[in-house]
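Okay, thanks for coming, everyone. I'll put the model up and then walk you through a few parts of it.

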Amino acid sequence: MTSIAALSGNLHYGLNKCRAHSCKRPAYVFGVAFNGGLQKELSWSHGVSKMLQIQRYNFSQSTVGEYWQSFGTITVSVSSCLRDASTKYFDFVVIGSGVAGLCYALEVAKHGTVAMITKAEPHESNTNYAQGGVSAVLCPLDSVESHMQDTIVAGAYLCDEETVRVVCTEGPDRIRELIAMGVMFDHGEDGNLNLAREGGHSHHRIVHAADMTGREIERALLEAVVNDPNISMFEHHFAIDLLTSQDGPDTVCHGVDTMNTETQEVVRFISKVTLLASGGAGHVYPSTTNPPVATGDGIAMAHRAQAVISNMEFVQFHPTALADEGLPVKPKKARENAFLITEAVRGDGGLLYNLSMERFMPMYDERAELAPRDVVARSIDDQLKKHNEKYVLLDISHKPREKILSHFPNIAAECLRYGLDITYQPIPVVPAAHYMCGGVRAGLQGETNVHGLYVAGEVACTGLHGANRLASNSLLEALVFARRAVQPSIDHMENSRLDLSASSCWARPIVPVSLGSDVIDDILKTTTKVRKELQSIMWKYVGIVRSTTILKTAERKIRELESQWEKHLFEQGWEQTMVGLEACEMRNLFCCAKLVVSSALARHESRGLHYTTDFPHVEESKRLPTIIFPSPMNTTWSSRQLHKQAVC
């Protein structure tokens, strides 16, 4: 189980009563008590930085693919200290090869050895699937204040103002750095950057590379990483669990256990500093724009390692994923992830219609198709339920053909594969899980409450997005926080040492070859079935529109499903230290699903991405982030560290 509270200004450690006169009644959670009033003097970022740095817990225990393959296998840097084949020592370990991890690695590699751990091929990340672009103030008619205001409005006023100001202020420099590294953003005929506009933005401020921006950024950054002698890339290494120990009141991170999914070898990485940049948890839902690797591994690992988690109720459903059922030619097999139809299509004038060809967005919001994503997704959901239909239509065909094909070549090509020409036909679309606004709670330098552990990108909750992410702010946040985490990471590295005897301090994970192929096949078959059942529960009960009753139903069903699955595993001879890709992904999905449901039940208002029919209005008194503190009372495999904490 977890302990949940809504954060306000003052934190009092220990089981103390709330002292402020504004607090109507004591709020008790494990190890911490909060004042109920909203304190103006302590912002998210200031409060988090102080909390994470000073007061800590004391808990016991396709073509693109072919292109990247051309880089070949990247070998381990000879400068890294290797004790044995299954244990590797580095100054820095980076988990994830999206924009956050790549940018960070390139900077810290100037000061030490870096291991980049990636679950599949290096390019397989949410970054690679980001179509729209990166938002930044690059036009004289725009301003940081305007970008801030758009971010805060989209975030339903739950954003931390200091974090928003930092990101919006530093964003332009991060864009210029990408350009200097060779990222090819689109330019206009005048030679200036071609800035697009998307939903929720008051100005044209989105830099992009057609509708494949993430892919272009990933290309340039990966090329730089491959050519850096201080960075070693470990492909097909699945991160199992963070290695942690207690140092008085502090939890300390010493690296991570991984499994090479091609050789089935368990590899332990001991490091001075660990950056978690592993992305989100889109595959907790049946339809998501995220790649198959996005199973919430980083969030779940951090939760098991006693890191604080925040705002998990805010799951962003992208309003416009390609609805395969509406295509003239149906795909021959189900997609692993939904194909995204970028926000920029609506930004360029795309209009939404129901199947009766009635334009409906003006009925829901005066901003119509340019309303923030949460508004558009709920509007589409309402239309689907009212008309008992499975998709709506997004039409950009009224724009010049040349403009459509130049702005959206990837979308046009994908649709044409299935008999749809977007230059004269509308695109069938439906909402799909897209982005986690919540995650591991981070301060202004990406620091967490676990010493030596930093976070950046979608896995982190920095306070920027609030209750709903503004379009194209995700890559921006990743760039800014990856850079902000560099100097404190270097400082921590320089004040730390690698303990060459540390590897024996934790029980080694075991690959379950002893169970036999028949048992393993049975476990895989059962796990696949359970995964689909969990995703169905999450879509049916924890989707775009929620209620207390259905959330509690989800909570019960998830608990029962997890219990049945674990019972089956252990009856088959599975042990606590055994690991397998599918089983470990499953426990991470269970962990993230429970975090989302618990957080949603704790928020008694409708704000941003969290809409509940029991509390349909925004409540100013509830304008607080949701905080999940770790509890030592966890009893399920998905919520418990795989191995014991260090005792040597």
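**Strands, a helix, two loops and a cavity**

Let's start with strand β7, residues 114-117: Val 114 and Met 116 point one way, Ala 115 and Ile 117 point the other way, and all are buried. By buried I mean under 20% relative accessible area, with exposed being over 50% and partly exposed in between, using a 1.4 Å probe and protein chains only. Strands here are DSSP runs of E, at least two residues, helices are runs of H or I, at least four, and both are numbered from the N terminus.

Quick housekeeping: this is a predicted model, where local features need pLDDT of at least 70 and side-chain atom pairs count only at pLDDT 80 or more, while totals for chains, interfaces and linings use all residues. Residues are numbered from 1 along each chain as its sequence is written, and side-chain values use heavy atoms, with hydrogens and water left out.

So who sits beside β7? On one side there's β6, residues 87-95, pairing with β7 in the parallel sense over four bridges. For pairing, DSSP has to find at least two bridges between the two strands. If you want a spot to click on, Ile 95 stands opposite Ile 117. Ile 117 also stands opposite Phe 234 in β10, and β10, residues 231-234, runs parallel to β7, with four bridges joining them.

Helix α3, residues 99-108, belongs in this picture too: β6, α3 and β7 make a right-handed β-α-β unit. Right-handed means that, with the strands pointing away from the viewer, the path from the first strand over the helix to the second runs clockwise.

Staying on β6, how many of its residues are buried? Nine of nine, in fact. β6 also pairs in the parallel sense with β13, residues 265-276, over eight bridges, and Val 93 has Thr 274 as its bridge partner there.

Now look at Leu 275, which is in β13. Leu 275 is buried, at 0% relative accessible area. Setting aside neighbours within four places in sequence, Leu 275 is in contact with residues including Val 93, Val 94, Ile 95, Ala 100 and Tyr 104; contact means heavy atoms within 4.5 Å. Leu 275 and Leu 453 are 178 residues apart in sequence, but 5.9 Å apart in space, C-alpha to C-alpha.

Another sequence-distant pair is Gly 133 and Ser 474: 341 residues apart in sequence and 9.2 Å apart in space, again C-alpha to C-alpha. Gly 133 sits in the loop between α4 (126-129) and β8, and it's buried, with a relative accessible area of 7%. Not counting residues up to four places away in sequence, Gly 133 touches Glu 198, Ile 206, Val 207, His 208, Thr 213, Ser 472 and Leu 475.

Next up is helix α5, residues 144-154. Its buried residues are Ser 146, His 147, Met 148, Asp 150, Thr 151, Ile 152 and Ala 154. What covers them includes β8 (134-135), α6 (161-180) and α14 (474-484).

Just after α5, the backbone is worth a look. Ala 156 takes a positive phi of about 55°. Tyr 157, in the loop between α5 and α6, has a phi near 60°, also positive. As background, most residues other than glycine have a negative phi. Is Tyr 157 buried, partly exposed or exposed? It counts as partly exposed because its relative accessibility is 44%.

There's one to set beside it: Ala 368, with a positive phi of about 50°, in the loop between α10 (361-364) and α11. Ala 368 is buried, at 10% relative accessible area.

Last stop, the second largest cavity, at about 50 Å³. A cavity here is a set of points, on a 1 Å grid over the protein atoms alone, where a 1.4 Å probe fits but cannot get out, and lining residues have an atom within 4 Å of a point. For the volume, points are joined across faces, edges and corners, and we take the space filled by probe spheres set on them.

Which element gives the largest share of that lining? That's α11, with four residues. Among the lining residues are Phe 317, Arg 373, Asp 374 and Leu 609. Okay, that's my tour, over to you.

Methods:
On a 1 Å grid over the protein atoms alone, a cavity is a set of points where a 1.4 Å probe fits but cannot get out, and a pocket is an open set with protein on both sides within 12 Å along at least five of seven lines; lining residues have an atom within 4 Å of a point.
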